Amino acid sequence: MPTPTLRSQLDKDGFVVLRSILSAAQLATLRDAAARTTALAVAGGWPHVRTVGKQFPPWTWQRGVGIWGVQHLLHPSLPDAPAFAASYFGDELLGVAKELLGPGCGDDQLVLELYNLLVRPSDGGDFELRWHRDDVPATASAVQEEERLREPAWHAQWNLALCDGDESLVVVPGSHARARTQRERTADPFDPHMPDQLVVRLNAGDVVFYNNNILHRGRYDGSRERLSLHGSVGHVAGGKLRARNVLQHAVGSWVNSCDFSSLDDKQRARAEGMRARLVKLGSESGDVGYSLTG
């Protein structure tokens, strides 16, 4: 659970791991919901997916093309949205997020962002993501990188494993706070041996929070089951700095229709406030484009 050192660890390393944040009952509920949702998407019953062969949005579902992720877990048309909403707006994740977002951060500073599911490639093959920062293009110069990385993060992003043996996320600790080295800049985009890289190893119920501009990549093993909840929450102070990260995923097209009636009173009030702040962000931001392509 949260400790006074979490924020300092995130600032130093760019990521922090917490073990076993869910009860056995919560884990079972989410794992069942994630399995049903994955099956629905693979069968073509849910078009909001991440397709094998394409790393960044937009994605388009195509028959016969594998998927490596399911988008929009809070969408009102998704059958298991209530289970995912209870986890997204619960204290287990948002309690940590508020601590990581800084002193004094409360529910009234939180902004609803993204909640997706990362899965084993459904075509049975392996799939890898190239080294990247989520909101800094690979073409950025060292000066441009440093300028962007000096900006406050204003977000908390996480991968919450629902299965044991999740070793998909690979990071370079500390790289969120500096420009790439020459070795990193000229490396193969899929370099399996980047200097100082670290494989984040998670078991069911473990979560890693990370700065999305840490240098990182993903490895998807077609032979190993994976169900990981991939989410983020913002801080109102992020404003347009966070808009592109969130609105490029087309959340604004359905968020007003979300049904939070299944949540308890505390979670529902939190959810309604977070949604209202996202809607306000969208109305003020206009066309945000895409952070990265490919």
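Helices here are DSSP runs of H or I with at least four residues, strands are runs of E with at least two, and both are numbered from the N terminus. The model you are looking at is predicted, so local features need pLDDT of at least 70 and side-chain atom pairs count only at pLDDT 80 or more, while totals for chains, interfaces and linings use all residues. Residues are numbered from 1 along each chain as its sequence is written, and side-chain values use heavy atoms, with hydrogens and water left out.

**Exercise 1. Backbone geometry in the loops**

Task: Find the cis peptide bond and place its second residue, Pro 58, in the fold. Then examine phi at Ser 20 and His 72.

Solution:
- Step 1. The bond from Pro 57 to Pro 58 is cis, and its omega is near 5°. Pro 58 sits in the loop between β2 and β3.
- Step 2. As background, most residues other than glycine have a negative phi, and most peptide bonds are trans.
- Step 3. Ser 20 has a positive phi near 50°. This serine belongs to the loop between β1 (15–18) and α2 (24–42).
- Step 4. His 72 also has a positive phi, near 65°, and is placed in the loop between β3 and α3 (81–88).
- Step 5. Now add accessibility: buried means under 20% relative accessible area, exposed over 50%, and partly exposed in between, with a 1.4 Å probe and protein chains only. Ser 20 has 53%, so this residue is exposed. His 72 has 6%, so this one is buried.

**Exercise 2. Three loop residues**

Task: Decide whether Gly 53, Ser 168 and Gly 174 are buried or exposed, and look at their surroundings.

Solution:
- Step 1. Gly 53 is in the loop between β2 (49–51) and β3 (67–70). Its relative accessibility is 64%, so Gly 53 counts as exposed. Its C-alpha atom is 8.5 Å from that of Gly 66, 13 residues apart along the chain.
- Step 2. Ser 168 is in the loop between β6 (155–161) and β7 (169–171), and counts as buried because its relative accessibility is 8%.
- Step 3. Contact means heavy atoms within 4.5 Å. Leaving aside residues up to four places away in sequence, Ser 168 touches Val 200, Arg 217, Gly 218, Arg 219 and Arg 226.
- Step 4. The side chains of Ser 168 and Arg 226 also share a polar contact of 3.4 Å. Such a contact is a pair of N or O atoms within 3.5 Å; within protein, one must be able to donate a hydrogen and the other to accept it, and residues adjacent in sequence count only if both atoms are side-chain atoms.
- Step 5. Gly 174 lies in the loop between β7 and α6 (182–186), and its 18% relative accessibility is why Gly 174 counts as buried. Beyond residues up to four places away in sequence, Gly 174 touches Lys 12 and Asp 13.

**Exercise 3. The nonpolar cores**

Task: Which residues touch the most other members of the largest nonpolar core?

Solution:
- Step 1. A nonpolar core is a set of buried Ala, Val, Leu, Ile, Met, Phe, Trp, Tyr and Cys residues joined through side-chain atoms within 4.5 Å.
- Step 2. The largest core has 59 residues, and Phe 89 and Phe 209 touch the most other members. Strand β4 (residues 110–119) provides the largest share of this core, 7 residues.
- Step 3. A second, separate core has 9 residues, including Val 171, Leu 202, Val 208 and Ile 214.
- Step 4. Setting aside residues up to four places away in sequence, the contacts of Phe 209 include Leu 10, Phe 15, Leu 93, Val 96, Ala 97, Leu 100 and Trp 158.
- Step 5. Look along helix α4 (residues 91–101): Leu 93, Leu 94, Val 96, Ala 97, Lys 98, Leu 100 and Leu 101 are buried. Just after α4, Gly 102 takes a positive phi of about 120°.
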